[in-house]
Amino acid sequence: MPKELVALGEFGRAQGLRGEIRLKSYTSDPLAIAGYGPLLAADGRTFVLTDAKPAPGSSPDLLVVRVQGVKDRTGAEALTRVVLYCSRDKLGTPEDEDEIFAADLVGLDAVDAAGTVIGTVLGVPNYGGGDLLEIRPALGGATALLPFTKAFVPTLDIPNRRIVIDPPEDLFALPGPKPADEPE
């Protein structure tokens, strides 16, 4: 996706028979996703959310939504796994000086305390245990994940397009042999 687009959510499975679909919202206020206007898919399609409510009995970031033009289960099923994007300029600026948008970290140089470029931030995934920084090493090779905490990322310098990291020595080390007692 173009750098100026930010992922706001992803459609899940159909909900019922009348065109409703589950949506995982990536916005800090999950219901706010419906207020960004038309949302884009990677293939260029545009979607307008006409109704959004929390999904029953689930996590707060899961919603049940209606999409303009989707009237039945078949239409909703066709949207499963479609990621929704909006233009970065629709997000504005963070309200709190300590708040940042994860999308603003992508592309920043990751430097050590001496200012040496260690790598570049490729993404900010979260697999359930907190935000991580996916960093591509400056010298090439496989990317590595670094917890996005003050201990590992003491300084954010967004205006100068860099972050200062305090990485473990083995951040980009190749994995060692599999322990003999680990199952296949």
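Here is a quick tour of a pocket, a sheet and some salt bridges in this structure. Keep in mind that the model is predicted. Its largest pocket has a volume of about 1500 Å³, an open sheet is built from six strands, and the structure holds eight salt bridges.

**The largest pocket**

- Start with the lining: 42 residues surround the largest pocket, and Val6, Ala7, Tyr26, Ala102 and Ala103 are the ones nearest its centre.
- Three elements each give two or more residues to that lining, namely strand 1 (5-15), strand 2 (20-25) and strand 7 (83-87).
- Of these, strand 1 gives the most, with five residues.
- Sorted by class, the lining has 23 nonpolar residues, 13 charged ones and six polar ones.

**The six-stranded sheet**

- If you walk across this open sheet, you meet the strands in the order 11-10-9-8-13-12, and the pairing is mixed.
- Strand 11 (144-147) and strand 12 (155-157) sit at the edges; each has a single partner strand, so one side of each has no neighbour in the sheet.
- From one strand to the next, the twist averages 35°.
- A bit of background helps here: strands of a sheet pair through backbone hydrogen bonds, and they can do so in a parallel or an antiparallel way.

**Following the pairs, from strand 8 to strand 11**

- Strand 8 (residues 109-111) pairs with strand 9 in the antiparallel sense over three bridges, and Ala110 has Gly119 in strand 9 as its bridge partner.
- Those two strands, 8 and 9, make a hairpin with five residues between them, and Gly115 in the turn has a positive phi of about 95°.
- Next along, strand 9 and strand 10 run antiparallel and are joined by four bridges; here Val121 has Ile135 in strand 10 as its bridge partner.
- Is strand 9 (residues 117-123) enclosed by the rest of the structure, or left open? Five of its seven residues are buried, so strand 9 is largely enclosed.
- Strand 10 (residues 132-137) then pairs with strand 11, again antiparallel and over four bridges. In this pair, Leu133 is matched with Leu146 in strand 11.

**Salt bridges**

- The general idea is simple: side chains of opposite charge can pair when their charged atoms come close.
- Glu10 forms a salt bridge with Arg81, and their closest N and O atoms are 3.2 Å apart. This pair links distant parts of the chain, with Glu10 in strand 1 and Arg81 in the loop between helix 1 (73-77) and strand 7, 71 residues apart.
- Are the two partners buried or exposed? Glu10 is buried, with a relative accessible area of 16%, while Arg81 is exposed, with a relative accessible area of 62%.
- Arg45 and Asp43 form another salt bridge, where the closest N and O atoms are 2.9 Å apart. Arg45 counts as partly exposed at 36% relative accessibility, and Asp43 counts as exposed at 52%.
- Asp157 forms a salt bridge with Arg162, the closest N and O atoms being 3.3 Å apart. Asp157 is buried, with a relative accessible area of 15%, whereas Arg162 is partly exposed, at 29%.
- Finally, look for Glu20, Lys53 and Arg66, which are linked in a network of salt bridges.

Conventions. Residues are numbered from 1 along each chain as its sequence is written. This is a predicted model: local features need pLDDT of at least 70, side-chain atom pairs count only at pLDDT 80 or more; totals for chains, interfaces and linings use all residues. Side-chain values use heavy atoms; hydrogens and water are left out. On a 1 Å grid over the protein atoms alone, a cavity is a set of points where a 1.4 Å probe fits but cannot get out, and a pocket is an open set with protein on both sides within 12 Å along at least five of seven lines; lining residues have an atom within 4 Å of a point. Grid points are joined across faces, edges and corners, and a volume is the space filled by probe spheres set on the points. Ala, Val, Leu, Ile, Met, Phe, Trp, Tyr, Cys and Pro count as nonpolar, Asp, Glu, Lys and Arg as charged, and the others, Gly among them, as polar. Two strands pair if DSSP finds at least two bridges between them. Axes are lines fitted to C-alpha atoms, for helices over the stretch in contact, and angles run from 0 to 180 degrees between N-to-C directions. Buried means under 20% relative accessible area, exposed over 50%, partly exposed in between (1.4 Å probe, protein chains only). A salt bridge is a side-chain nitrogen of Lys or Arg within 4 Å of a carboxyl oxygen of Asp or Glu.
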